[in-house]
Amino acid sequence: MDAFVSYLQASDKKANIIHINFNITEFENLLEYHALENYVEGKYDKRLNNYLLIDEIQMCPSFEKAINNLHAKEKYDIYVTGSNAFLQSSDLATLFVGRTYEIQLFPFSFKEYLSYFPNSNIYAALTQYITEGGMAGSYLYKNAEQKYRYINNEVLNTLIVRDIVNKHKLKNETLLHALIDYLMDNIGNVTSVRNITNTLSSNKTKADHKTVGKYIDLLCKAFAFYKIRRYDIKGKKYLKSEDKYYLSDTSFRFARLGTKNMDYGRALENIVAIELLRRGYEVYVGVLYKKEIDFVAMKQGEKIYIQVANDISDKSTFNREITPLLQTRDAYPKLLIARTYQPHYQHEGIKIIDAAEWLNK
């Protein structure tokens with residue numbers, strides 16, 4: 001929001017920016033929606049372009065009444081931010097029927113990471129990005145321990161877990177943490193609510209299918225995880241019950257579970273999944289003749305089949321990754337993304353491209 005203020009100041013010389021940040025005690029007197037509306041109206045200037053920007057809008061009870069009324073007067077461009085857990089898409093749709101446009105933001109992409117750290121070697125930078133991730137606030141810290149403490153404590157536990165627990169008044173916070181650990185440890189693995197429940201129960205974590213399903217849904221709505229459904233390529237239908245879950249940012253996993261058992265392949269797969277979502281694709285896991293294609297990415301008639309691997313220098317690994325793509329007989333593009341450290345090339349019509357190069361496109 002602060003960056004957007006700077007952009008408006010630079011791009012619109014007639015901008016009248018009314019910026020309210022409920023994290024700052026200066027605005028405590030506006031935490032009643034009538035007072036909020038009166039304050040905004042008092043700052044209005046009919047000679048200028050009026051922008052209303054409010055940070056942490058959920059801290060003002062019944063804020064939607066003030067915002068709806070201000071919007072109806074058609075005098076302001078209005079932008080609001082709020083907690084992932086407290087201000088979800090479904091909430092916005094209910095509070096502002098037909099009046100909102102949601103701007104989807106992701107953590108920094110690899111391309112943005114390279115922009116933040118210019119002159120980096122692109123291949124070495126990807127290794128760093130896999131573990132450091134795209135939570136830009138962590139870049140201010142000088143060592144890994146400080147970065148991960150910030151990511152785990154300030155972002156994950158405070159901005160996601162705490163807000164979910166508080167908003168939905170969850171009674172079993174222990175289960176929520178156990179579920180987060182399980183999903184992080186199994187990014188990219190096909191799983192189901194039943195399997196997760198059985199695993200947690202065997203580890204002496206009290207759980208039932210209904211509660212586990214509800215908690216997973218809350219974590220996805222808060223953008224901690226993204227659920228990727230499975231798609232039968234031959235039958236052209238979606239498969240039920242078993243899905244994959246990917247983290248919004250891989251740094252959460254390493255901040256919470258550590259880096260001792262590094263799985264660069266799974267982490268890279270996670271990064272590609274989020275990058276496809278960032279580029280506007282609908283993303284599915286492809287299933288063909290009991291084999292799996294990591295991603296089927298679709299957008300406005302376009303379809304791409306994608307396999308992801310960290311290292312394909314071993315022939316058996318290369319064959320394992322390429323076989324499902326070769327068995328897919330339609331004419332849509334097929335892509336193998338791996339850390340090849342060389343220019344892209346073709347293998348029987350399949351494009352093999354270095355992961356760092358693809359992410360930087």
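In the predicted model, asparagine 119 is located in the loop that joins α5 to α6 (122–132). The phi angle of asparagine 119 is positive, at about 70 degrees, although the residue is not a glycine. Asparagine 119 counts as exposed, with a relative accessibility of 82%.

A second residue with a positive phi is glutamine 300, for which the angle is near 50 degrees; this residue, too, is other than glycine. Glutamine 300 is placed in the loop between β7 (291–299) and β8 (302–309). The relative accessible area of glutamine 300 is 82%, and the residue is exposed.

Leucine 114 belongs to helix α5, which covers residues 110–116. With a relative accessible area of 14%, leucine 114 is buried, because buried means under 20%. When neighbours within four places in sequence are left aside, the contacts of leucine 114 are Ser120, Ile122, Ala125 and Asn360. Leucine 126 follows leucine 114 by 12 residues along the chain, and the C-alpha atoms of the two are separated by 9.0 Å.

As regards the chain as a whole, the secondary structure consists of 14 helices and 11 strands. The radius of gyration is 23 Å, close to the 21 Å given by the globule rule for 361 residues, so the chain is as compact as a globular protein of that length. The C-alpha trace spans about 70 × 50 × 45 Å along its principal axes. Among contacts with a separation of 6 or more, 62% are between residues 24 or more positions apart.

Buried residues make up 46% of the 361 residues of the chain. The exposed area of the chain is about 19000 Å², of which carbon and sulfur atoms supply 48%. The chain carries 48 positive and 43 negative charges, and the mean positions of the two sets are 5 Å apart.

Cysteines were considered next. A disulfide is a covalent bond between the sulfur atoms of two cysteines. A search of the whole structure gave 0 disulfides. Cysteine 60 has a relative accessible area of 1% and is buried. Cysteine 220, at 18% relative accessibility, also counts as buried, because the cut-off for this class is under 20%.

Methods
Residues are numbered from 1 along each chain as its sequence is written. This is a predicted model: local features need pLDDT of at least 70, side-chain atom pairs count only at pLDDT 80 or more; totals for chains, interfaces and linings use all residues. Side-chain values use heavy atoms; hydrogens and water are left out. Helices (H or I, at least four residues) and strands (E, at least two) are DSSP runs, numbered from the N terminus. The radius of gyration is taken over C-alpha atoms; the globule rule is 2.2 Å times the number of residues to the power 0.38. Buried means under 20% relative accessible area, exposed over 50%, partly exposed in between (1.4 Å probe, protein chains only). Contact means heavy atoms within 4.5 Å. Accessible areas come from the Shrake-Rupley method with a 1.4 Å probe; for residues, only the protein chains shown count as cover. Lys and Arg count as positive and Asp and Glu as negative; His and the chain ends are not counted. The place of a charge is taken as NZ of Lys, CZ of Arg, CG of Asp or CD of Glu. A disulfide is a pair of cysteine sulfur atoms within 2.5 Å.
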